[in-house]
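Colleague: I'd like to learn how to read a few features off a model. Could you walk me through them?

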Amino acid sequence: MKAIRRFSVRPVLPEPLRPLQELALNLRWSWHPETRELLRSVDPDGWQAAREDPVRLLGTASADRLAALAADRGFLRRVGVAIGDLRDYLTEPRWYQRADSRAGGELPRAIAYFSPEFGITAALPQYSGGLGVLAGDHLKAASDLGAPLIGVGLLYRHGYFRQSLSPDGWQQEHYPLVDPHELPMTPLTEADGSRALVTLALPGGRTLAAQIWEVKVGRVPLLLLDSAVARNDPAERDVTDRLYGGGSEHRLLQELLLGIGGVRAVRAYCRITGHAQPEVFHMNEGHAGFLGPERIRELGEEGIPFDAALLAVRSGTVFTTHTPVPAGIDRFSEELVARHFGEGGELASLDPQALLALGREPAGSVGREDEPAQFNMAVLGLRTAQRANGVSALHGNVSRGMFAGLWPGFDAEEAPIGAVTNGVHAPTWTADAVLRARSRTLSDAELWELRRTLREQLVQEVRARLHASWRQRGAGQAELGWIDDVLDPDVLTIGFARRVPSYKRLTLMLRDRERLASLLLHPERPIQIVVAGKAHPADDGGKRLIQELVRFADDPAVRHRIVFLPDYGMRMARSLYAGCDVWLNNPLRPLEACGTSGMKAALNGCLNLSVRDGWWDEWFDADFGWEIPTADGLAAAEPDRRDAIEAAALYTLLETQVTPCFYDRGVLRPGSGLPVRWLEMVRATLDRLAPRVLADRMLREYITDYYAPAAVAHRAMTPQAAAELAEFADRIRREWPRVAVDHIEPGPEEPTLGGTLSLRVQVTLGDLDPSAVEVQAVTGRVDGDDTLTEPACVPLKPEGGPDLGGRWTYVGDLTLHRSGPCGYTVRILPTHPHLTHRAELSLHTLPPDTAAPADPH
């Protein structure tokens, strides 16, 4: 018989052990080795059975074991030290408090950080890949720095899927039930003890209610909304059933709950706990885009009109895009969205057409010229955030091009999207052995032995996981003896693990199978490869790629040198990053937004072998690894030929550079028996690259360049200031058709390097005052069709008042820093103290072709 209802009974620990519950319910244990070791010692054998989850461990520990620990004075002393250390960590001033003191209190009092997924620990399976793990690292770094973040997400009762393989290598998905009572979280409750709830109105008189679970991530509260509550009808109860599951309307409901319900959850949390209300809201991708309309609704209830409320919301909002391709953006039909904002739906007090306009795609704005415009969640995020960024320098550039249509008339380079290169949380991703070793200077021999030890540990784990996988695929115990010889702790080990969309090219390594086999089986310089990754459940193309690789790895001739491990997750990843010698990454450039797995590997001294994409484009150095050459020009026209060229380059690198570097022992230092150049690269990676890739560095950049300016703008955007800015924007848009560049007169100077060129420009401003505009000369080198490259903007100043025809004269000098073919143009832009970027209102005026005579020089 099956139970009709599931519930969990939490243990009551003996009084001396009560602090263990506090330690287990704060996820700091997941990145604090001493606390983790203390919790493991409660039941070393049960630790693995509990999948390294202390809440589950405490729930299954025997009464006899707990009684013995409660009487163990040595263990109780360790508990006292650990709980004291945690409480100090939670209360002592940290970097953020010191920085705020130096800044005179300008840093935000609180920041709400919204993400559809959070990868914090394998014990909390609420992530699918890099986006969620990045969000988890963001929260951990905020905790370590003392930044007052509140995380907001959804609690998926089935999480993301568990992956296994069929006998023929086809991916199979399983969705085990996630019981929040068995997880490190507690319900948010009102003063009377009842569960705190948020509700959303749905069409047809229905409602969607969600309870709020709080996860303690060090100092940071993470609020997860859960629709599995009794008051919901079955369909609404299943809204948070699984991550990235269901059809279009199901996804829309999830995103309405995340954005609108998430804001309401934050308000409830701050009311109940006394936490400061957020001054800054950060959207980690467009899934949380509806938080903007919800905050517009809040301001509307205070009597602030829509346009002014939108400007107020924008001032304190940050949007981060992780998507380098339009296909990665959630888009919904306008009819579907309108239905949920229409009769009986949410945000009924707002004009539904104005709401739809916030997410409507401009023609060709995201590379979908051949499709009707839809409601685009990234567009919604960009229109409701005054500050936006990509997640690497290259991705910022790609994003400016992809979304340039949102700012018509401006070059893509001027789109107001910056970049903060992702970082990773070192205490989470660095092996304990590496952390211990970094406390002192290792000799070459010690460093080489450390790397071999980590490789050997990986080999043992791979064999155990491979054995379990083959048993799941139906193999009998008697036919699996060969697994004992899979991988060799003395062979160069390459790791490749990530999601499996087509652009990441899981099977590029199989392009020339004979050449790959010769590398795997080389008599003196063999390589071995560990591969892992999940395809989206609906992506049959990705599943075929996995099957193709699995079938190759099943070949008895090579199966001891290449393996595919199913069910890639955070626990497996940590072992791979530590145990591999080389981390392989070969996406189609520039479709990798950042690619943080190579960063995590680098923290452990693993060298990178990668296409120059994402963060590797920014920080590649020959001391840190190798660059796989690309054939970018063939991307669209001849993708098959491009793959062939890049695969050949990969094989050549492995044959001529990577393997010789690993296996040439004693060449630079005869008699040492060590690969000296390899060890030099490992040291450079640990000493010079690792400090760059840290989440602490990333978060400091967000705080300094995004959160602090957003908080200042939010405080300045009072209702009166918002109303004045809205009136200014309306007046500018009405008058702009009358704004014109009438005439440009260059000075008589001969253009010479280091000299100046004077300009006199006549402009018409209609009824606008010069204080409402900025007249700029834009100058730089020109290419063959006179397009300005790397242009610089030089403000021109008004000279006197308007002439009898109402025209104003502006003057200025251009300093000539470069020789060769150069050029300039003039433009007029709106300007206001509360506008942060010249393209913000998407208005500018350029001269007609007749405005400037031919340059006499």
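Modeller: Sure. Let's begin with salt bridges: we call it a salt bridge when a side-chain nitrogen of Lys or Arg sits within 4 Å of a carboxyl oxygen of Asp or Glu. Keep in mind that this is a predicted model. Under that cut-off, the side chains of Arg589 and Asp617 form a salt bridge, at 3.0 Å from N to O. Arg589 is in the loop between strand S18 (582–585) and helix H23 (597–602), while Asp617 belongs to helix H24 (residues 614–619), so the pair ties together parts that are 28 residues apart in sequence.

Colleague: How exposed is Asp617?

Modeller: Asp617 has a relative accessibility of 22%, which puts it in the partly exposed class.

Colleague: How many salt bridges does the rule give?

Modeller: The general idea is that side chains of opposite charge can pair when their charged atoms come close. Here the count comes to 64 salt bridges. Take Asp664 and Arg525, whose side chains meet at 2.8 Å, N to O. Asp664 sits in the loop between helix H25 (639–663) and helix H26 (676–689), and Arg525 in the loop between helix H20 (513–520) and strand S16 (527–532), so this pair ties together parts that are 139 residues apart in sequence. Asp664 is partly exposed at 30% relative accessible area, and Arg525 is partly exposed too, at 28%.

Colleague: What does Glu799 form a salt bridge with?

Modeller: Its partner is Arg760, and the closest N and O atoms are 2.9 Å apart. Glu799 lies in the loop between strand S24 (788–798) and strand S25 (807–815), whereas Arg760 is in strand S22 (residues 756–764), so parts 39 residues apart in sequence are tied together by the pair. Glu799 counts as partly exposed at 38% relative accessibility, and Arg760 is partly exposed at 36%.

Colleague: Which residues do salt bridges with shared partners join into one network?

Modeller: Arg589 and Asp617 turn up again here: they are joined in one network with Arg505, Arg612, Glu627, Asp632, Arg642, Asp643 and Glu646.

Colleague: Now the reverse case. Which side chain of opposite charge is nearest to Arg400, which is buried yet has no salt bridge?

Modeller: For a case like that, look up the distance to the nearest opposite charge. For Arg400 that side chain is Glu413, 7.4 Å away. Arg400 is part of helix H16 (residues 393–402). Beyond residues up to four places away in sequence, Arg400 touches Ala412, Glu413, Ala415, Ile417 and Gly418.

Asp53 is another one: it is buried without a salt bridge, and Arg56, the nearest side chain of opposite charge, is 4.2 Å away. The salt-bridge rule asks for a nitrogen within 4 Å of a carboxyl oxygen. Asp53 lies in the loop between helix H3 (44–49) and helix H4 (54–60), and it touches Trp47, Ala123 and Glu182 when residues up to four places away in sequence are not counted.

Colleague: Is Glu414 buried or exposed?

Modeller: Glu414 is buried, at 14% relative accessibility. You'll find Glu414 in the loop between H16 and strand S14 (418–419). It's a good one for comparing sequence and space: Glu414 and Ala839 are 425 residues apart in sequence, and their C-alpha atoms are 7.2 Å apart. Leaving aside neighbours within four places in sequence, Glu414 is in contact with Arg827, His837, Arg838 and Ala839.

Colleague: How many residues of helix H12 (residues 306–315) are buried?

Modeller: Nine of its 10 residues are buried, so-called "mostly covered". Among the buried residues of H12 are Phe306, Leu310, Leu311, Val313 and Arg314.

Colleague: Last topic, cavities. How many of 30 Å³ or more does the structure hold?

Modeller: Rolling a probe the size of a water molecule over the atoms shows where empty space is left. This structure holds five cavities of 30 Å³ or more, and the largest has a volume of about 90 Å³. Its lining has 13 residues, and those closest to the centre are Leu466, Trp470, Ala553, Asp554 and Phe564.

Colleague: Which elements each supply at least two residues of that lining?

Modeller: Helix H19 (444–472), helix H21 (540–553) and strand S17 (562–565) do. By type, the lining of the largest cavity has nine nonpolar residues, one polar and three charged.

Methods. Residues numbered from 1 in each chain as written. Predicted model: local features only at pLDDT ≥ 70, side-chain atom pairs only at ≥ 80, totals over all residues. Heavy atoms only, no water. 1 Å grid on protein atoms, 1.4 Å probe; cavity = no way out; pocket = protein on both sides within 12 Å on 5 of 7 lines; lining within 4 Å. Points joined across faces, edges and corners; volume = space filled by probe spheres on them. Helix = DSSP H or I, 4+ residues; strand = E, 2+ residues; numbered from the N terminus. Nonpolar A, V, L, I, M, F, W, Y, C, P; charged D, E, K, R; others polar. Buried < 20%, exposed > 50% of the residue type's maximum accessible area, 1.4 Å probe, protein only. Lys, Arg positive; Asp, Glu negative; His and termini not counted. Contact = heavy atoms within 4.5 Å.
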